[in-house]
Amino acid sequence: MAMIAFKCPDISVTVADINESRIAAWNSDDLPVFEPGLDDIVATARGRNLFFTTDKVAAIKEADIIFVSVGTPTKTYGVDAGRAADLKYVELCARDIAEYSDRSKIVVEKSTIPVRTAESLKTVLTANSNADVQFQVLSNPEFLAEGTAMEDLDNPDRVLIGGEETPEGLEAMETLTSVYAHWIDRDRIIQTNLWSSELSKLVANAFLAQRISSINSISALCEETGANVDEVASAIGKDSRIGPKFLKASVGFGGSCFQKDLLNLVYLCEHFGLPEVSEYWRGVIEMNDWQKRRFSTKIINALFNTVNGKRIALLGFAFKKDTNDTRESPAIYVGKDLLEEEADLAIYDPKVSPDQIRYDLGIEADSSKLDICDDPYEAVKGAHGVAILTEWDAFRDLDYQRIFDNMMKPAFIFDGRNIANRAQLKEIGFEVYAIGR
Ligand code: UDX
């Protein structure tokens with residue numbers, strides 16, 4: 001929304017949320033989300049044509065277009081817990097929109113949701129509003145990746161808009177297209193039917209995640225055979241049919257989208273009686289779980305099969321670089337595995353808050369099992385092993401000699417992102433494990 005406001009000074013954008021502290025933060029100099037470039041864009045547009053408010057009623061009444069951008073987490077309770085998407089917030093939003101709208105509006109689903117949610121959205125909207133108020137529901141999935149969100153929004157590969165194939169539906173799609181056309185070429189704004197648009201988001205994320213699981217599966221084979229997974233990725237990526245992106249072997253993928261969307265896809269296929277398709281995609285999640293577990297097992301095995309009472313330093317806790325987001329971060333899984341083996345953890349991440357780390361690991365503030373550090377050299381002091389779990393650029397240029405000097409010997413390094421210089425580490429005296437090498 002900030003980017004739309006930034007690019008379209010003639011359009012007034014209001015972001016409404018019932019969470020007061022969050023809205024207060026959006027109105028302050030300390031935004032609740034760390035994203036390179038976001039501060040500048042908000043600073044330019046805020047107060048001009050970008051507003052943050054807790055007054056959802058006024059925001060709904062005034063709007064011509066409403067983007068529903070609420071959370072759609074995986075269900076944690078009841079029927080289909082752990083598999084289906086929890087659409088509680090989407091439905092509550094639809095009920096609010098129906099209740100407070102006194103004229104016709106376009107409602108855009110921005111949240112990632114299972115296919116055919118637009119239909120439910122439309123049903124709730126229509127059942128709860130006056131006959132003279134009409135809603136056109138559009139699907140407009142977001143493809144930005146965290147850490148590069150501003151570039152992705154500024155220059156997207158495509159914008160996808162799904163709508164009903166009726167005159168009103170086509171008109172609504174044109175209206176939304178004209179917003180994006182302020183800065184994006186029309187040939188990159190794709191209009192489809194609702195279901196294609198909804199499904200495309202799940203499929204895009206499933207294909208991306210599948211590439212990572214594919215290369216990670218090969219990383220295990222490389223470790224057995226003496227091949228180097230980065231060399232294999234680079235060699236196959238030169239094939240223009242395969243392409244070089246999303247082939248970096250790692251400790252596993254994280255983030256709020258991949259696992260959730262794969263679970264949605266798996267669930268949909270089961271629901272529609274396609275168990276073979278469902279099993280196929282479930283394999284992508286299973287490979288990712290296995291890769292994370294394989295990494296913690298490597299650490300434990302290398303440290304003479306016991307980490308009990310040993311200090312292990314984790315460098316990086318975010319699910320990828322340039323974000324403070326930890327949702328589904330592999331660091332959480334590795335951290336929990338090590339805590340279960342009674343290790344003492346020392347964690348350094350340049351952007352994730354200590355409270356978030358404690359919350360994710362389920363550890364009390366006064367626990368001696370967890371030491372959250374302000375710098376990487378402090379974290380490694382007296383450590384038996386150090387694991388690199390996020391590919392922060394700063395971790396490439398650390399003084400690894402100083403790290404080595406601070407550690408117990410033999411000093412083990414487990415590079416879950418293949419970013420450190422392996423030859424240099426060996427020369428210093430480290431025992432090195434890197435993914436797929
Ligand atoms: C993803 C999609 O890329 C984006 O289009 C969608 O809108 C939301 O989900 P995001 O989760 O922000 O974006 O980050 P992404 O860059 O896709 O990385 C996801 C995870 O995969 C990270 O944990 C990352 O470290 C990992 N990854 C990525 C790899 O392990 N190897 C790779 O080659 C690429």
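In this predicted model, Ile 312 of strand S8 stands opposite Gly 385 in strand S11. Strand S11 covers residues 385-388, and four bridges join S8 to S11, the two running parallel. Strand S8 also pairs with strand S9, which spans residues 344-348; here there are five bridges, and these two strands likewise run parallel. Within this second pairing, Leu 314 of S8 has Ile 347 of S9 as its bridge partner. Between the two strands, the chain leaves S8, passes through helix H13 (residues 330-340) and arrives at S9, forming a right-handed β-α-β crossover.

Strand S8 itself, made up of residues 311-315, is mostly covered, with five of its five residues buried. In a regular strand, side chains alternate between the two faces of the sheet. In S8, Arg 311, Ala 313 and Leu 315 point one way, while Ile 312 and Leu 314 point the other way, and all are buried.

The helix of the crossover deserves attention in its turn. Of the eleven residues of H13, eight are buried, so the helix is largely enclosed by the rest of the structure. The buried residues are Pro 330, Ala 331, Ile 332, Val 334, Gly 335, Asp 337, Leu 338 and Leu 339. An α-helix has 3.6 residues a turn, so residues three or four places apart point the same way. The buried residues of H13 pack against both strands that the crossover connects, S8 and S9, and also against helix H12 (275-302) and helix H14 (354-361). After H13 comes Glu 342, whose phi is positive, near 70°.

Helix H12, one of the packing partners of H13, contains Gln 291. Is this residue buried or exposed? Gln 291 has a relative accessible area of 1%; because buried means under 20%, Gln 291 counts as buried. Setting aside residues up to four places away in sequence, Gln 291 touches Asn 216, Ser 219, Ser 250, Val 251, Gly 252 and Ile 435.

Helix H12 also leads to the empty spaces inside the model. Rolling a probe the size of a water molecule over the atoms shows where empty space is left. How many cavities of 30 Å³ or more does the structure hold? There are two. The second largest cavity has a volume of about 30 Å³, and its lining consists of Phe 253, Gly 254, Gly 255, Phe 258, Gln 259, Asn 288, Lys 292 and Glu 328. Helix H11 (258-271) and H12 are the elements that give two or more residues to this lining. By class, the lining of the second largest cavity has two nonpolar, four polar and two charged residues.

The largest cavity has a volume of about 50 Å³. Its lining is formed by Glu 109, Ser 111, Thr 112, Ile 113, Ser 139, Pro 141, Glu 198 and Lys 201. These lining residues divide into two nonpolar, three polar and three charged.

Pockets may be considered next. The second largest pocket has a volume of about 220 Å³. Of the 13 residues that line this pocket, Ala 84, Leu 87, Pro 114, Tyr 267 and Leu 268 are the closest to its centre. The lining of the second largest pocket comprises nine nonpolar residues, one polar residue and three charged residues.

Two loop residues complete the tour. Gly 82 is placed in the loop between strand S3 (65-68) and helix H5 (88-100). With a relative accessible area of 38%, Gly 82 is partly exposed. Although Gly 82 and Leu 263 are 181 residues apart in sequence, their C-alpha atoms are 8.0 Å apart in space. Beyond residues up to four places away in sequence, Gly 82 touches Thr 74, Lys 75 and Leu 263.

Ser 12 lies in another part of the chain, in the loop between helix H1 (2-7) and strand S1 (13-16). Ser 12 has a relative accessibility of 52% and therefore counts as exposed, the cut-off for this class being over 50%. Apart from neighbours within four places in sequence, Ser 12 is in contact with Asn 49 and Phe 51. Between the C-alpha atoms of Ser 12 and Ala 204, which are 192 residues apart along the chain, the separation is 31 Å.

Note on methods: Residues numbered from 1 in each chain as written. Predicted model: local features only at pLDDT ≥ 70, side-chain atom pairs only at ≥ 80, totals over all residues. Heavy atoms only, no water. Buried < 20%, exposed > 50% of the residue type's maximum accessible area, 1.4 Å probe, protein only. Pairing = 2+ DSSP bridges. Right-handed = clockwise from strand over helix to strand, strands pointing away. Contact = heavy atoms within 4.5 Å. 1 Å grid on protein atoms, 1.4 Å probe; cavity = no way out; pocket = protein on both sides within 12 Å on 5 of 7 lines; lining within 4 Å. Points joined across faces, edges and corners; volume = space filled by probe spheres on them. Nonpolar A, V, L, I, M, F, W, Y, C, P; charged D, E, K, R; others polar.
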